[in-house]
Structure formats: C-alpha cells, structure tokens
Amino acid sequence: MEIKICGPGCASCEKAQKVVEAAVAAKGVDASVTKVTDFQEIAKLGIFSTPAVIIDGDVKCVGRVPKQPEVEEWISNS
Amino acid sequence: MEPIQPAICGCEKKEPGQTNKMKNVNMGKAAIIGLLGFGLWYVIYKQLEPFSNFFSYSLLSLEKGSHFGDAVQFFVYDTPKVMMLLTIIVFVIGMIRSFFTQERTRKYLAGKRESAGNVMASLLGIVTPFCSCSAVPLFLGFVQAGVPLGVTFSFLIAAPMVNEVALILLFGLLGWKVAAIYLVSGLLIAIIAGWIIGRLKLEHWIEDWVQELRAGEALVIEKKLTLADRIEHGREAVRDIVGKVWIYVVAGIGVGALIHGYVPEDFMTSIMGKDAWWSVPAAVVVGIPMYSGAAGMIPIVEALLGKGAALGTVLAFMMSVIALSLPEMVILRKVLKPGLIAVFIAVVGTGILFTGYLFNLVI
C-alpha cells in the first residue's frame with residue numbers, strides 16, 4: 001500500500017503524518033508513507049489546501065488533519 | 001398489531017426520521033450546557049479583580065500603592081483575565097471557523113468582482129483557517145478558481161495580519177480602543193493594498209507554471225459536520241492555540257507588571273515617541289524581515305507602549321512583523337516573480353506606514 005501526505009511541512013502537515021503513521025502501525029499493514037512537499041507536484045494532483053492524504057492514488061482528505069480512526073478505516077477499505 | 005417499539009424504546013436503531021429528533025435533543029442539551037458554562041465563566045471572571053486585591057493586599061499583606069504590591073496585584077489579576085478571554089474567544093472562533101473552509105472561501109470569492117471582492121476577501125481572511133505555509137497552495141487554488149489577483153492578495157494580507165489572538169490580547173491588556181484600531185486598520189490595509197495590486201494588472205508576474213493550472217479542476221472533499229464536530233473544533237483550537245501562546249501571555253503580563261512600577265515611563269519617548277518622525281519608517285523597515293506570530297509580539301508591544309513609545313509606531317512595528325516576513329516571501333517566490341513580491345512588500349509596507357503616522361497624529 002502506498003500512502004502519500006501532501007504538505008509543505010508545517011505543523012499540521014507533520015501532525016497528519018504522525019496520525020497516518022500511527023494508523024499504519026495500529027493496523028499492522030505493510031505500507032510506505034511518503035511526503036510530497038513540492039507545491040507544483042501537489043497542485044498537479046488537484047490539491048489546493050494542505051494537508052492532504054492519498055492512499056493508493058485515491059485522495060482521502062484535503063485541507064485538514066484526519067483523525068486516526070478515520071485513517072484506519074481508509075486503510076481497511078483499500 | 002402495529003409495532004409500537006419506537007415510541008417506548010429509545011434504544012432502537014437510529015432511523016432517518018429519528019436522527020433528526022436526536023439531533024434536536026442534542027442541540028437543546030448543548031445549548032443549555034453552553035449557557036451554563038458561559039454563566040459560570042462570567043461569574044468567575046467577575047471575581048478576578050476582588051480576588052487579586054484580596055490575594056495581594058490581605059493574604060500577602062503587601063502595601064497598597066507600593067511598586068511591588070501593585071505589580072503583584074496586576075499580575076494576579078491580568079493573567080487569569082486574559083487567559084479566560086483568550087480561551088472563550090479561541091473556542092468561539094474555532095467553532096466559527098469550522099463553517100469557513102478554504103474550499104468554501106474560494107468558492108465565495110471566485111465569482112466576485114474587484115472592489116466588493118477585496119472587502120469580502122479581507123473579512124474572510126479573518127475567519128478562514130490559515131497558516132503561512134498554507135499560503136502557496138491557497139494562492140494556487142484561488143488563481144485556479146479564477147479569483148482576481150487583487151482579491152487574492154487582500155486575503156493573503158488580512159489572514160495573518162488580523163489575528164484573533166492578537167485582537168483579544170490587545171483588548172485585554174490595552175483596552176477596546178486599541179483593539180478596534182488594530183482591527184479596522186488591518187482590514188483597511190488589506191482591502192486597499194489588494195485593490196491597488198489588482199489595478200496594477202500584474203498577472204504576468206505570476207510564475208508561468210501557475211498560469212497553466214488555470215484549466216484544471218480543484219478537488220474538494222467536504223465532510224458533513226455536526227454540532228458536536230464543531231464543538232470539537234472549538235476545543236481543539238483552544239488546546240492548540242492556548243497551549244501554544246499562554247507562555248507569551250504570561251511573559252507579556254509579567255513584563256507589563258514590572259514596567260508598571262520600575263521602569264521610568266518616558267524611557268522610550270525620545271526614540272519611539274510621537275516627536276521622532278523617523279521612528280515609524282524605521283519600525284516598518286526593521287519589522288519587515290522579522291517574523292513572529294501575533295501572540296509573540298504582544299509582550300513587546302506592551303513593553304514598548306509602557307515605556308513611552310507612541311501607539312502608531314508600535315502598531316506599525318507589530319503589523320510589519322506579522323504581515324510581512326522573509327520566510328513567507330521565500331515561500332511565495334515559488335509562485336510569484338520577484339517584481340510582484342516587491343510590489344506586494346511596497347504596497348503593504350506603505351499602508352502600514354500611513355497607519356502608523358495616522359495614529360500618532362490622531363491619538
């Protein structure tokens with residue numbers, strides 16, 4: 001599973017990354033969590049507010065820090 | 001027999017019709033708890049001053065009118081006062097902000113013409129959640145949605161400059177007049193500077209790759225929020241913001257308490273007083289490259305004002321620190337050509353300069 005977190009690296013983006021990593025650990029799935037920090041790259045994905053979470057190419061949330069149970073659900077569903 | 005369980009059993013599975021009723025019950029409950037909470041808040045708030053007097057002059061039996069006694073009373077009164085004000089305002093703003101996502105703000109502004117758009121963008125800048133590192137994605141989104149450049153700048157100027165934490169701290173420490181001046185002048189600068197940038201027709205100074213985005217479609221995933229979610233938003237905002245700024249508040253009040261008694265009132269008058277005409281541009285020039293959140297500025301503002309610096313000069317310094325900063329320019333450089341950044345700094349800097357002189361003249 002491939003999880004991407006889009007954000008330039010501000011406080012809420014870091015928080016989003018932590019939440020996602022915690023969710024991955026809790027679910028015990030094999031997933032790579034990477035960060036996309038380049039604005040051009042992010043904009044190309046159609047994302048204009050950060051942080052955003054993308055799981056296997058599917059954009060799951062935009063412009064807010066997700067909650068851990070939410071992320072766990074996304075992981076289960078994909 | 002017709003099933004009658006729903007009427008007598010509340011633990012039935014929630015059906016569409018029932019969720020509505022449950023929501024009403026929750027709303028009523030929330031309203032009552034909210035009112036009770038506010039009542040309690042108010043009662044405690046009203047006791048703060050008598051308590052601080054009792055604490056300083058009776059319990060510690062410090063002498064009323066002595067430097068040290070007054071400093072202690074000031075600190076014991078102002079710290080909880082400002083913290084309580086801060087908590088309630090941040091909570092309310094946090095709830096209000098859950099209605100104004102960046103996506104929605106973008107949609108509002110997309111169809112707006114310039115002048116009205118500048119006013120709306122500045123007002124939305126206050127309530128839309130924003131941090132300086134989200135400036136670039138937000139800028140891209142606005143451009144892509146067809147929001148005029150000047151309107152976008154009104155938003156980008158107002159969002160950091162008119163800050164609810166700064167507003168409430170100014171109100172708590174320096175009174176409602178200073179707070180109102182800060183609010184109104186911040187909004188006016190955002191509106192006028194954005195309007196001017198729009199008039200200058202500088203669209204060609206946006207980086208080329210941004211222009212190419214215009215055709216695309218923005219991705220929006222909206223989550224339906226319940227009242228409980230919004231209350232949670234408010235609580236999160238309190239945890240987040242109050243948890244971060246309380247130290248500045250305590251430092252600011254501590255500095256204020258010391259100044260009250262010990263430092264001569266006219267310490268700064270010759271450098272930053274009304275008569276030093278050059279102090280306003282100097283404050284702006286020094287303030288532009290510096291960066292600090294609004295909350296961090298408040299102790300400095302209080303210290304400067306307490307030592308005899310003029311209000312206009314101090315406000316100009318504070319505004320240039322929080323509205324314009326080197327890190328923000330570096331980030332914006334990815335989407336704007338240097339010319340547009342220079343115009344941005346020049347227009348906003350001039351606006352702040354005028355505000356500084358105006359308040360030194362008027363007050």
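Trainee: Where does Ser61(B) lie?

Mentor: Ser61(B) sits in the loop between α2 (16–59) and α3 (67–97) of chain B. Helices are DSSP runs of H or I with at least four residues, strands are runs of E with at least two, and both are numbered from the N terminus. Keep in mind that this is a predicted model, where local features need pLDDT of at least 70, side-chain atom pairs count only at pLDDT 80 or more, and totals for chains, interfaces and linings use all residues. Residues are numbered from 1 along each chain as its sequence is written, while chains are lettered from A and ligands numbered from 1 in the order in which they are written.

Trainee: Why does Ser61(B) count as exposed?

Mentor: Count the other C-beta atoms, placed from the backbone, within 10 Å of its own: 20 or more means buried, 12 or fewer means exposed, and anything in between is partly exposed. Ser61(B) has 8 such neighbours, so it is exposed. Its phi is worth a look too: near 40 degrees, a positive value in a residue other than glycine. In general, most residues other than glycine have a negative phi, and most peptide bonds are trans.

Trainee: What makes Asp56(A) partly exposed?

Mentor: Asp56(A) has 13 other C-beta atoms within 10 Å, so it falls in the class between exposed and buried. Asp56(A) belongs to the loop between β3 and β4 of chain A, and its phi is near 45 degrees, again a positive value in a residue other than glycine.

Trainee: And why is Trp74(A) called buried?

Mentor: Trp74(A) has 20 C-beta neighbours inside 10 Å, so the cut-off for buried is met. Trp74(A) is part of helix α3 (residues 68–77) of chain A. Leaving out residues up to four places away in sequence, it touches Ile55(A) and Lys60(A); contact requires C-beta atoms, placed from the backbone, within 7 Å. In chain B, Leu304(B) in helix α14 (residues 294–306) is buried as well, with 22 other C-beta atoms within 10 Å.

Trainee: How do you know which strands of chain A pair in the sheet?

Mentor: Two strands pair if DSSP finds at least two bridges between them. β1 (residues 2–6) and β2 of chain A have five bridges and run parallel; there, Glu2(A) has Ser32(A) as its bridge partner. β1(A) and β3 (residues 52–55) of chain A share four bridges in the antiparallel sense, with Cys6(A) partnered by Ala52(A). Another four bridges join β3(A) to β4(A), also antiparallel. The result is an open sheet of four strands with mixed pairing, in the order β2-β1-β3-β4.

Trainee: What makes β2 and β4 of chain A stand at the edges?

Mentor: β2 (32–36) and β4 (58–62) of chain A each have a single partner strand, so one side of each lacks a neighbour in the sheet. β3(A) and β4(A) also form a hairpin with two residues between them, and Asp56(A) is in that turn.

Trainee: How do you know that helix α8 of chain B is largely enclosed?

Mentor: In α8 (residues 164–174) of chain B, 11 of the 11 residues are buried, so the rest of the structure largely encloses it. Helix α7 (residues 149–161) of chain B has 13 of its 13 residues buried, so the conclusion is that α7(B) is largely enclosed too. For chain B as a whole, buried residues make up 40% of the 363 residues.

Trainee: Why is the reach of α7(B) described as close to the expected one?

Mentor: The expected span is 1.5 Å times one less than the number of residues. For the 13 residues of α7(B) this gives 18 Å, and the helix reaches 19 Å from its first C-alpha to its last.

Trainee: At what angle do α9 and α17 of chain B cross?

Mentor: The axes of α9 (residues 176–199) and α17 (residues 338–362) of chain B come within 10 Å and cross at roughly 145 degrees. Axes are lines fitted to C-alpha atoms, for helices over the stretch in contact, and angles between N-to-C directions run from 0 to 180 degrees.

Trainee: Which residues of the two helices meet?

Mentor: Among them are Ile189(B) and Ile196(B) in α9(B), and Val347(B) and Phe359(B) in α17(B).
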